[in-house]
Every structure is written in structure tokens, then in C-alpha cells.
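Open the model in a viewer with the sequence panel alongside. The stops below give a selection to make and then say what is there.

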Amino acid sequence: MQISSVNDVKIYNLSHGKSLPEWLSDRKKRQLQKKDVDIQRRIELIQDFEMPTVCTSIKVSRDGQFILAAGTYKPRIRCYDTYQLSLKFERCLDSDVVAFDILSDDYSKLVFLHSNRYVEFHSQHGHYYKTRIPKFGRDFSYHYSSCDLYFVGSSSEVFRLNLEQGRFLNSLQTDAVENNVCDINPVHHLFATGTSEGRVECWDPRVRNRVGMLDCALSSLTEGTEVQGLPSISALKFNGSLSMAVGTSTGQVLLYDLRSSQPLLVKDHFYNLPIKSLNFHDQLDLVVSADSKIIKIWNKDTGKVFSSIQPQTNINDICIYPNSGMLFTANEDPKMNTFYIPALGPAPRWCSFLDNLTEELEESPESTVYDDYKFVTRKDLENLGLSHLVGSSLLRAYMHGYFMDIRLYHKVKTMANPFAYEEYRKDKIRQKIEESRTQRVQVKKLPKVNKELALKLMEEGDDEAELASRKKKGKALPSILGDDRFKVMFENPEYQVDEQSEEFRLLNPIVSKVGQKRKKKLRLLENKWEAAEDEEEPEGRASSEEDSSDDDKSWVEEVREQRRLLWQEGRDRRKHDRKEADRNTVLLEREQNGEERTSNSKKTSQPQFYQIKAGEEFRSFNDMARKQRLQKYVFGNTF
């Protein structure tokens, strides 16, 4: 038996474990049970509950006494009696069974749809009758009130075979090219068929007319869904009179109310595999949907996952035992799995001892499914040299890695690193040496980044440790230097505190005074404890309010001084910037004027003449030019 827990729901795989050959003696079986743990945990609920090669479909009779399973190879049907917990009979068939159904309460009336278009009827004694349908069939349903069998397959027609009259009736003509699945509502007997174009057509058997159509292919395409082709209908199931579940070939399950054309809920399996089976659990309002990879159990109102089962082999069909928490699966494997989920319901009456067994296991928890396995990543496999095992049965893919047997892992680890014991021994010696070094005098080493802050924190830590050692039952608070969350602040140069920045200069007086207040408060508490011990209070000491007021005044003045210095530095910086801008402007103008002069000198190379008025003496050309400028200035102001 294998125990797993998904979403805090215990799942017991009763078919897990090794099968003992029938030719072994009782003594040999007892010896194996003492040695092998897997055989000890094995529970053989029903004897020979398996197929030679593959099981394709499984069903339970309406009275709950018989379990019938169809499989291959060779094609056969097996019936198990739950009251006797053993195989009742086995019948071989001519071809593979596509689908079968139980028409009576027990196993006395069976119908098989074969892969070669034959429909075979069995009674209690064995084979009864065989007939053939015109096209290859894929599914069929039985209408109890009229005794009609409805066959759907690779044709647009739905073939009807009446078992009371023993003849075929007129077929139902659908708009589809092919029909994959069908079902009949147990309350009002509405017949529904799922087509390969992603539609569901509903027919009324009383009038043989189509009464409705649902386009499920377009409704299944939710936001973020990647579809490579047109989704077809792969599963169909009614629940009550108004609810219906539809499964698509792209892995979506749609819940419909027959009064609306839009689905109430769309549930995606996220495996892009066709939905093979749909069942309802009415007691807890759950839906059990399965593809070839996984079985998901979820709430039909909210879509929240209740639990899930992922067998080791692909799933062909599932069947829920009525009014219980037991589940049967038909797999691509000789064994048919039996799962028991106590959260879904009690064990069936014929195996009621499972309830007591599971209660004892919950009281004394055993190792779960993952205790005997080791989780390894792809990099670990490369280091161990086991990359070639990817895709084999020795590795089971899970999330970003694989599960492998813990015994295989230890064996390969020993072979890959034979000197592991020597490394372990060296590590132990190194740890002993480090422990002995801790008893020596420790030299405090400052980090490379934020040395001043680290020194301040170390001093405060020493003060708090000393105070805690004096106080009874005191414990020092953890230091920031020893906290891994702040380790990068003393290692990465990008976290270096810039003491010349404006924010630091404005906050530094406050931070320094806060630190001084903390130290004073610690000293006051220390004095109080000493006074409480001596029952004396020292005199002539200023109160804490006066100290705080003086401190407040002092740090306010320091903040004002820093603001004044910052304002003065900003003003000087602005003056310097203006001077630099003016200097650059003057240089630019001079360059431009120089270029104009050179151009003018090139254009006009003639001499300049100056006029000397009467009564004036000639001194130099500079004096003449200055006088002319003064005259122009005076005349300009007067006029």
C-alpha cells in the first residue's frame, strides 16, 4: 500500500506493491513477507485484480456486488465478485472492446461494442447474440424507457437498435461529420451527443427531433489558452436534470446549465490531453475528471482543486464505487489500480476493515510516498553521470527535477565520490579547530564598506550586552552586523554612506543626538538598578527632562547651522556658475568679434581719416577717438 497526501487529503493506493507468484509455497511467501517491506505493505483487496496486458474500461454493477473490466491481450472480459473478493468468471472475445455497458442490476445482461463494428450481447450463461452496425462505433447509451440503444461513431448518423422489437429503427441525422461520445439524462431522458467539431447536440427521444445545440469549442478557449487545432468533444456526462459536464480534446472541462448556452465554469487540466472520463460526487459537490496523465477532483461551483491522483501509468478509464471513497482505474498496465480516499466517503461494506486500518495509520504515521525517494535536479544528474537515465522508469519527472530511489542515489554517490569520508573527516577537524579558536581573544575586524557605521553599531552592541549582563535575566538584542539580511550593506560599495550629501548633513545631528540619548537612557537605567539594589538615590543629578530639553536645543541649533552652511555653499556655487557662464560668453563674443574684424580688414584695406577742429591741437589718434565718443554720449542724452 502506498500513502500520499495532496492538498492535505490522504490517498491510499491499495494496488501498490509486488505481486507474489501463485506457484510459491506458503513457507516461501512468509519468508518474503518478513524480508521485503513492499510485500509487507501490500494489500490484496481482490484476488487477481489485473489483466494480462492492458485494461481499457471498468464499471461497477448497480447493486454494487460485481466489478466488470474489459482488457487485452487476448480481448476478454473479467467479472469480480466483491462478496467473495475474487474472480467470478472470465470470457474471451473475438476483438477489442471499444465500450461496454451493464443493462441489468447484476452481470446477467451485458452489451459490448467491438472495434470491428460488431455489437455483442451476453447473458448470465455467456454469449447470447451478435449483430453489426453500418459504421465504426465509438460510444453508445441505453434508453431504459424505450429499450433503445443509441450508437455514435465515424458517421453523422446516430444508429438506434430497439431490444424489445429486435430491429434497427430510423437513425438520427446530425449536422456533424463524426460523433465521439453520447449520454442520456437519467431524469428526463434527454439524449446528447458530442461531435468532432466541438458541438453538443441534444435530442428528444419522444419526437426524434433536435431540441438544442451548444458550441463548446469556442467557449473552451479562455484567456491564455494555446490551442493547436479545433477542440472536439471527448467526454460527456449528465448530473441531475439540469447539469452537464463536457470534456474537450484539448484538456478543458466545461460545466453547463441546460437553460444557458454559456458554460458556468471552465476547468483546464493544463496537459493538452483529451479528457477521457467525467464523474460527479454528489455528496461533496465535486467533479472527478481524468485524462491519460492525471485524475483531478475539484469543486463544481468554484473550480477549487480538492485533490489529485497521478498514477505511474497512463489512464484509460475511471470508475467510482457508489456512496464510498473508493476509486478504480483502468490503466496501460496489467494492474488495475484501487484508490481509497477517506475524505470522499467511507469504505464499501465488503471492505469495511479499511476504515480501521486508515485510522491506525493516521495515529501512527508511516513514511509517505516521497520518503523512499531523493529529489535531484538536472545539474545533480550531470554531476553523478546519470543524465542518460532521463526518460527511463528510474527517474520520475517532478517540477524542475526528478525523483529517484534513495538506494540508487546513495550507491551512485559512493561510486562517484569515493573520498567522501575523507572530506567529512577534514570538515569535522576544521570545525573542532574553529571551536577552539573561539576561546581565544577575538580581534574585532571592521568591514571594508561603512567602517564608521560598523564601529558605531559594535560599540552600541557592547553597551547593550554589558547592560544585559548586569540586569537579571537580561538578554542582549541581536546585532545588525550578525544579521544576514543586512550583510550586503557592509560588502557592496554601492551602499557606502556619503557623508558629504545634503541628506546626511541634515540628519547627522539628529542621528548623533538620538545615539547620545540612547546611551544616556541606558546609563540612567543602570543607575536605577544600582539604586534599587542599594536603596539609595544619588543627589545633585539633573533630571531626564532637563537633559532632553538641552539635547533638543543643541541638536536644533546644529541643524540650523548645517542649513545655513548648505545655503551659503549653494549661493557660492551659484555665483561661481554665473561667473563661469559670463566668462564663457565674453570669450565667445571676442572670438566672434575677432572673426568679424578679420573679415572687415580683408574687405576694406583703405586708411581711416580723423578731422581736427579749429582751436584744437593734435596729440594722438587715441585722444581723438575718445573725444568723439564723449560727444556722441552727451548729444544722445540731451536729445
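Start at the hairpin of β20 and β21, which has 3 residues between its strands; select Gly251, whose phi is positive, near 95°. The model is a predicted one, so every value in this tour is computed from predicted coordinates.

**The strands around β20**

Extend the selection to β20, residues 243-248, and to β21, residues 252-257. The two strands are antiparallel and share 5 bridges. For a reference point within this pair, pick Ala245: its bridge partner in β21 is Leu255.

Now add β19, residues 233-239, which is also antiparallel to β20 and is joined to it by 6 bridges. One facing pair to label here is Ile233 with Thr248, the latter in β20. The hairpin of β19 and β20 again has 3 residues between the strands, and Gly240 in that hairpin has a positive phi near 75°.

How much of β20 is buried? Of its 6 residues, 5 are buried, so the rest of the structure largely encloses this strand. When inspecting side chains along a strand, keep in mind that in a regular strand they alternate between the two faces of the sheet.

**Asp268**

Select Asp268, in strand β22, which covers residues 265-268. Which side chain of opposite charge is nearest to Asp268, and how far away is it? It is Lys296, at 7.1 Å. Asp268 is buried and has no salt bridge; the cut-off for one is 4 Å between a side-chain nitrogen of Lys or Arg and a carboxyl oxygen of Asp or Glu.

Polar partners of Asp268 can be displayed next. Its side chain makes a polar contact of 3.3 Å with the side chain of Gln252. The Asp268 side chain also reaches a backbone atom, the nitrogen of Phe270, at 2.9 Å.

**Salt bridges**

Side chains of opposite charge can pair when their charged atoms come close. The structure contains 13 salt bridges; three of them are worth selecting by name.

Take Asp105 and Arg62 as one example. Their closest N and O atoms are 3.0 Å apart. Asp105 sits in the loop between β7 (97-102) and β8 (110-114), while Arg62 is in the loop between β3 and β4 (66-72), so the pair ties together parts 43 residues apart in sequence. Both ends are partly exposed: Asp105 has a relative accessibility of 47%, and Arg62 has 46%.

Next select Arg210 and Glu201, a salt bridge with closest N and O atoms 3.6 Å apart. Are the two ends buried or partly exposed? Arg210 is partly exposed at 36% relative accessibility, whereas Glu201 is buried at 1%.

For a pair within a helix, go to α7, residues 420-437. Arg430 and Asp427 form a salt bridge there, with an N to O distance of 2.7 Å. They are 3 residues apart in α7, which means a separation of about one helical turn. Arg430 is partly exposed at 46%, and Asp427 is partly exposed at 36%. Then select Arg76, Arg78 and Glu90, which are joined into one network by salt bridges that share partners.

**Cysteines**

Show the cysteine sulfurs. How many disulfides does the structure hold? The count is 0. Select Cys216 to check one case: the closest cysteine sulfur belongs to Cys202 and is 9.0 Å away, which is too far for a bond, given a cut-off of 2.5 Å. Cys216 is buried, with 0% relative accessibility. Cys79 is likewise a buried residue, and its relative accessible area is 0%.

**Asp48 and Tyr80**

Select Asp48 in the loop between α2 (37-40) and β3 (54-60). Asp48 is partly exposed, at 27% relative accessibility. Add Tyr80, which is 32 residues from Asp48 along the chain; their C-alpha atoms are separated by 9.0 Å.

**The whole chain**

Clear the selection and color by secondary structure. The protein chain has 11 helices and 32 strands. Among its 639 residues, 36% count as buried. Of the contacts with a sequence separation of 6 or more, 45% are between residues 24 or more positions apart.

Definitions and conventions. Residues numbered from 1 in each chain as written. Predicted model: local features only at pLDDT ≥ 70, side-chain atom pairs only at ≥ 80, totals over all residues. Heavy atoms only, no water. Buried < 20%, exposed > 50% of the residue type's maximum accessible area, 1.4 Å probe, protein only. Helix = DSSP H or I, 4+ residues; strand = E, 2+ residues; numbered from the N terminus. Pairing = 2+ DSSP bridges. Lys, Arg positive; Asp, Glu negative; His and termini not counted. Polar contact = N/O pair within 3.5 Å; in protein donor to acceptor, adjacent residues only side chain to side chain. Contact = heavy atoms within 4.5 Å.
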